[in-house]
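Work through the exercises below with the sequence and the coordinates open side by side. Each task is followed by a solution that goes step by step.

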Amino acid sequence: MAPTRRLVLFANFQSSRTRDGISAARSAFELAGVPLTEIPTDSPEDLDQKIRVHARAYDTIVIAGGDGTLNAAADALLDLQKPLGILPLGTANDLARTLGLPPDPAAAARVIAAGHTRQIDLGRVNDRWFFNAASIGLPVAIARAHDPALKRRLKVFAYVVATWRALKGMRRFGVRIEVDGRKVVTRAIQVTVGNGVHFGGGMTVRADAAIDDGQLDVFALEARSFLDLLRLAPVVRFGLQDYDRQVLALRGRSVRIETRRPRSVNTDGEITTKTPAVFSVMEKAITVHVPAPPRSPFARLGLELPIGRPGFSRQRPTAEK
C-alpha cells in the first residue's frame with residue numbers, strides 16, 4: 001500500500017468566503033482519507049516565508065486563494081519543488097480556469113486528493129515570475145482603479161467597474177516589441193505577454209495558448225478609439241487576436257518590450273515592475289494537481305487514443321524572424 005500523502009494548506013482565514021470554502025474542502029479531504037495541516041497566513045506578502053518555514057516536511061503544498069496569492073508563492077514553490085494543489089478562492093481564478101479546475105472548493109479538494117498532476121511553465125519578466133500574463137497599458141490602469149471594498153462586494157464584476165474607470169484616461173503609447181529576434185514598432189493601448197491561457201478575469205491570451213508549451217504569446221491592441229476597444233472586447237475574451245487587423249499577435253520564447261518612458265507592468269493582477277521589460281519562460285517549472293484527462297471510449301478495448309485538453313500542449317511554430 002502506498003504511503004498516505006501529507007498535505008499542508010496555506011490560507012488567509014480572515015475572509016468569510018475563504019473560511020466557508022476551506023470548511024467544504026476540509027470535509028472532502030477527510031472523506032478521501034488525506035491528512036491536512038492548516039497554516040494561517042496574514043497576506044500574500046507573508047505567504048512566501050510561511051511556505052519556506054512550514055512546507056518542507058509535507059508532500060503537497062495546498063494554497064487557498066486567487067491569482068495574486070499564487071503569484072506571491074511562486075519563488076517558494078520553485079525552491080521547494082513540491083506538487084501544488086489549488087483551492088480557487090480568489091476573485092478571478094484565471095490559473096484555475098486555465099488548468100480546468102472546478103470552482104467549487106470541495107470539488108477542487110477532490111482533484112488534489114486524487115493525485116493526478118501536470119507540469120506547467122512559469123513566465124518571467126525582469127525579476128518577477130508570473131503564471132498567467134504580464135501586461136502594460138490598460139491592465140495596469142485597471143489594477144490601479146480596483147477598489148478593494150468593491151471587489152469584496154461585487155467579486156468578478158468589480159473588474160467591469162474598474163475597466164470603465166480605467167478607460168476614461170487611457171491613450172495609445174509607442175512601444176517597441178522584440179520576439180525571438182523579430183522587431184516591431186507600434187502604438188497600442190495594451191500589450192500583453194501570456195504564459196497561460198486566461199488573464200484579467202476570464203480574458204484569453206490566444207485561442208491556442210497553452211501553459212506547458214514553452215512559448216509566450218504576445219499581443220498588442222492597436223485600438224484608436226473607445227468604439228474600437230468595444231469591438232475588440234470579444235476578440236480578447238475568446239482569444240481571436242490572430243484574426244483582427246487592429247491586433248498585433250506574436251509568439252516565441254524570448255520577448256523584450258521597450259517604451260519611451262518607463263511604464264508599469266502588471267503581473268497576474270499586481271503591479272510589480274517597469275519597462276524596459278525582458279521576458280522569458282521556464283518550462284515544466286512547477287508540478288500542479290489537475291483533473292485527470294478524460295479517457296477515450298477506445299480505452300476499454302486497449303486502444304487508448306490521445307484527447308486534446310484546453311490549456312495544454314500543442315506543437316506550434318515560434319515567432320517569425
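The exercises begin with the chain as a whole and then turn to single helices, cores and residues.

**Exercise 1. The chain as a whole**

Establish how many helices and strands the chain has, what share of its residues is buried, and over which residues pLDDT stays under 50.

Solution. The model is predicted, and confidence is therefore a sensible place to start: the mean pLDDT of the chain is 87, with 83% of the residues reaching 70 or more. Over residues 305-321 pLDDT stays under 50, and for this stretch the model has 47 contacts beyond four places in sequence. The secondary structure amounts to ten helices and 18 strands, and of the 321 residues of the chain 53% count as buried. Among contacts with a separation of 6 or more, those between residues 24 or more positions apart account for 71%.

**Exercise 2. Helix H1 and its two sides**

Check the span of helix H1 against its number of residues, and then find which of its residues are buried and which elements they pack against.

Solution. Helix H1 covers residues 16-32, and at 1.5 Å a residue its 17 residues should span 24 Å; the C-alpha atoms at its ends are 25 Å apart, which agrees. The next step is burial, and the buried residues of H1 are Thr 18, Gly 21, Ile 22, Ala 25, Ala 28 and Phe 29. Because these cover an arc of only 120° around the axis, they lie on the same side of H1. The spacing can be understood from helix geometry: an α-helix has 3.6 residues a turn, so residues three or four places apart point the same way. On the other side of H1, Asp 20, Glu 30 and Leu 31 are exposed. The partners of the buried residues are strands E1 (7-11), E2 (36-40), E3 (60-65) and E4 (84-88), together with helix H6 (105-114). Just after H1 comes Gly 33, which takes a positive phi of about 75°.

**Exercise 3. Helix H10 and its kink**

Apply the span check to helix H10, and determine where in H10 a kink lies.

Solution. Helix H10 runs over residues 226-238, and its 13 residues should span 18 Å at 1.5 Å a residue, while its end C-alpha atoms are 19 Å apart, which agrees. The direction of the axis has to be examined separately, and a kink of about 35° is found at Leu 232, shortly before the proline Pro 234. Leu 232 is also one of the buried residues of H10, a set that further includes Asp 228, Leu 229, Val 235 and Val 236. H10 is followed by Gly 239, whose phi is positive, near 75°.

**Exercise 4. The nonpolar cores**

Identify which members of the largest nonpolar core touch the most other members, and which element supplies the largest share of this core.

Solution. The largest nonpolar core has 32 residues, of which Ile 51, Ile 61, Ile 63, Leu 99, Phe 131 and Ile 286 touch the most other members. At least two residues of this core come from each of E1, H2 (44-54), E3, H4 (74-80), E4, H5 (94-98), E5 (117-125) and E18 (277-289). The largest share, five residues, is supplied by H4. Another core, of 23 residues, lies apart from this one, and among its members are Ala 188, Val 191, Ala 220 and Val 265. Returning to Ile 61, its contacts beyond four places in sequence include Val 8, Phe 10, Ile 51, Leu 77 and Leu 84. Ile 51 is in turn one of the buried residues of H2, with Asp 46, Leu 47 and Asp 48, and the buried residues of H2 pack against E1, E2, E3, helix H3 (67-72) and H4.

**Exercise 5. Three single residues**

Decide whether Asn 93, Ile 271 and Asp 127 are buried, partly exposed or exposed.

Solution. Asn 93, in the loop between E4 and H5, has 14% relative accessibility and therefore counts as buried; its contacts beyond four places in sequence are Arg 17, Gly 65, Gly 66, Asp 67 and Pro 88. Ile 271, in strand E17 (residues 270-274), counts as partly exposed at 35% relative accessibility, and its C-alpha atom is separated by 9.4 Å from that of Ile 136, 135 residues apart along the chain. Asp 127, in the loop between E5 and strand E6 (128-130), is exposed, with a relative accessible area of 52%. Asp 127 and Thr 272 are 9.2 Å apart, C-alpha to C-alpha, with their positions 145 residues apart in sequence.

Definitions and conventions:
Residues numbered from 1 in each chain as written. Predicted model: local features only at pLDDT ≥ 70, side-chain atom pairs only at ≥ 80, totals over all residues. Heavy atoms only, no water. pLDDT = per-residue confidence, 0-100. Contact = heavy atoms within 4.5 Å. Helix = DSSP H or I, 4+ residues; strand = E, 2+ residues; numbered from the N terminus. Expected span 1.5 Å × (residues − 1). Buried < 20%, exposed > 50% of the residue type's maximum accessible area, 1.4 Å probe, protein only. Arc of directions from axis to C-beta. Bend = angle between axes of the 7 residues up to and from the residue. Core = buried A, V, L, I, M, F, W, Y, C linked by side-chain atoms within 4.5 Å.
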